[in-house]
Amino acid sequence: MSETVDENRKIIEQSIEFLVPGMELARDIYSSDGKILFNQNNILSQHNIQKLGNWKIPKVFVYSEVATANPITDPKLQKFINTYNQSVPVVQKAFEDIRSSQEIPLDALTAAATDIASDIAGAGNVIDRLYNLPPCDDYTMYHSVNVSAISALIAIWLKYPPESVNAISLAGLLHDVGKSLLPPELLHMPGKLSPADYEHYRQHVAYGYDLVSKIPNLSQSITAAVFQHHERRDGSGYPGGITDYYIHPYAKIVAVADLYDEGMTINRENPQAELSPYVSLQTLRNELHRLDPKICITFLDNMTNFLSGNRVSLTDNRQGRVVFINKEQPARSMVRLDDGTVLDLREEENISIHYIIR
């Protein structure tokens, strides 16, 4: 159930299981005997949400996390690839605008994120398609759209309601917005960054938070995702070194999408290396203890359904087709070689899948 109110603020009825810190109550919440438990416009915290659960309140009314945006995209965009191709220049222009005005063109980015979220569900093996598209000249733009798309798909797999999927898609699109204020030469620097350069690079999180926190009525859930997407549940992340309980659920989703896409689109230590979804998924599996396990496993399980049947090259240069996915070690799956031999890479200490042959 949903309704629209003045000032383009949409009210939705949200199940308790999908409430997250930062959502704003659109109506007072009453106890069974008529007492007000929480007032309208209260910003929910994790503690508030736990209280609502303890009180057995099944649903509440909250303001939509994504405000109604002015339509800026072609209404004929119905296929995901078209949406994707339209979204990259939208993000590119947004970054240019931010550099000159220090203001985020939210309507443009919201429309792009909503299109991505609405088109991605029926697009089939969409994540694999992302890496068949011609790359964008600017990695940051390409990466921002990829993370938006992957975050939205993860949210769908986790069965988030559509309004939340839109918000998570927008959080993914905005997650690296602070990079617009970093020197371009730092973003495009080849090779592993020096400690000083890396410390400067990490400031993109604070810059991003400063930018998004100035946007009126932008949900705190989205702001938290921008600020916390490099935090890790064991406290080893940045900028705050906070642990699992304090990391926003949306930030955890964006973190998984961000890490997967980084593994698919950039290798600072060897920029010429071929990049593989099997290796990137292996990285996520290795980082399971630092990321959210439920989100990671949901992503891994769904992704491995897409990866069987690919023609691949192995690290010893032999080629073949993947016939069975090893979910524990995707880069060590089962491959039928061109000579007909079936190779179980779990039993091969020095051989793994290198990359997909396109």
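Strands β6 and β7 pair in the antiparallel sense over three bridges, and in this predicted model Arg-311 has Arg-321 of β7 as its bridge partner. The two strands form a hairpin with four residues between them, and within the turn Asn-317 has a positive phi of about 80°. On from this hairpin, β7 is joined by four bridges to strand β8, which comprises residues 334-337 and runs antiparallel to β7; here Val-322 finds its bridge partner in Val-335 of β8. Strand β6, residues 311-314, also pairs with β10 in the antiparallel sense, again over three bridges, and the bridge partner of Val-312 in β10 is Ile-356.

These pairings belong to an open sheet of five strands, in the order β9-β8-β7-β6-β10, with antiparallel pairing. Its edge strands are β9, residues 342-344, and β10, residues 353-356, each of which pairs on one side only. Neighbouring strands of the sheet are turned by 45° against each other on average, with direction ignored. Helix α12, made up of residues 277-286, lies across β6, β7 and β10, and runs at about 125° to β10.

Elsewhere in the chain, helix α6 spans residues 162-174 and includes Glu-163. At 1.5 Å a residue, the 13 residues of this helix should span 18 Å, and its end C-alpha atoms are indeed 18 Å apart, which agrees with that expectation. Because 12 of the 13 residues of α6 are buried, the helix is largely enclosed by the rest of the structure; the buried residues include Glu-163, Val-165, Ile-168 and Leu-174.

What does Glu-163 touch, once residues up to four places away in sequence are not counted? Its contacts are Lys-10, Ile-12 and Ser-64, and with Lys-10 the side chain of Glu-163 meets in a salt bridge, at 2.7 Å from N to O. Since Lys-10 lies in strand β2, residues 10-15, and Glu-163 in helix α6, the pair ties together parts that are 153 residues apart in sequence. The two partners fall into separate accessibility classes: Lys-10 is partly exposed, with a relative accessible area of 26%, whereas Glu-163, at 17%, is buried, the cut-off for that class being under 20%.

The loop between α6 and α7, the latter formed by residues 184-187, contains Ser-180. This serine is buried, with a relative accessible area of 2%, and, leaving aside residues up to four places away in sequence, Ser-180 touches Phe-95, Ile-98, Arg-99 and Leu-211.

The structure holds 13 salt bridges. One of them brings together the side chains of Lys-179 and Asp-176, at 3.0 Å from N to O; Lys-179 counts as buried at 2% relative accessibility, and Asp-176 likewise counts as buried at 1%. The side chains of Arg-290 and Asp-234 also meet in a salt bridge, at 3.9 Å from N to O. Arg-290 lies in the loop between α12 and α13 (293-307), and Asp-234 in the loop between α10 (220-228) and α11 (249-265), so this pair ties together parts that are 56 residues apart in sequence. At 42% relative accessibility, Asp-234 counts as partly exposed. Finally, salt bridges that share partners join Arg-233, Asp-244, Lys-252 and Asp-292 into one network.

Methods. Residues are numbered from 1 along each chain as its sequence is written. This is a predicted model: local features need pLDDT of at least 70, side-chain atom pairs count only at pLDDT 80 or more; totals for chains, interfaces and linings use all residues. Side-chain values use heavy atoms; hydrogens and water are left out. Two strands pair if DSSP finds at least two bridges between them. Axes are lines fitted to C-alpha atoms, for helices over the stretch in contact, and angles run from 0 to 180 degrees between N-to-C directions. Contact means heavy atoms within 4.5 Å. The expected span of a helix is 1.5 Å times one less than its number of residues. Buried means under 20% relative accessible area, exposed over 50%, partly exposed in between (1.4 Å probe, protein chains only). A salt bridge is a side-chain nitrogen of Lys or Arg within 4 Å of a carboxyl oxygen of Asp or Glu.
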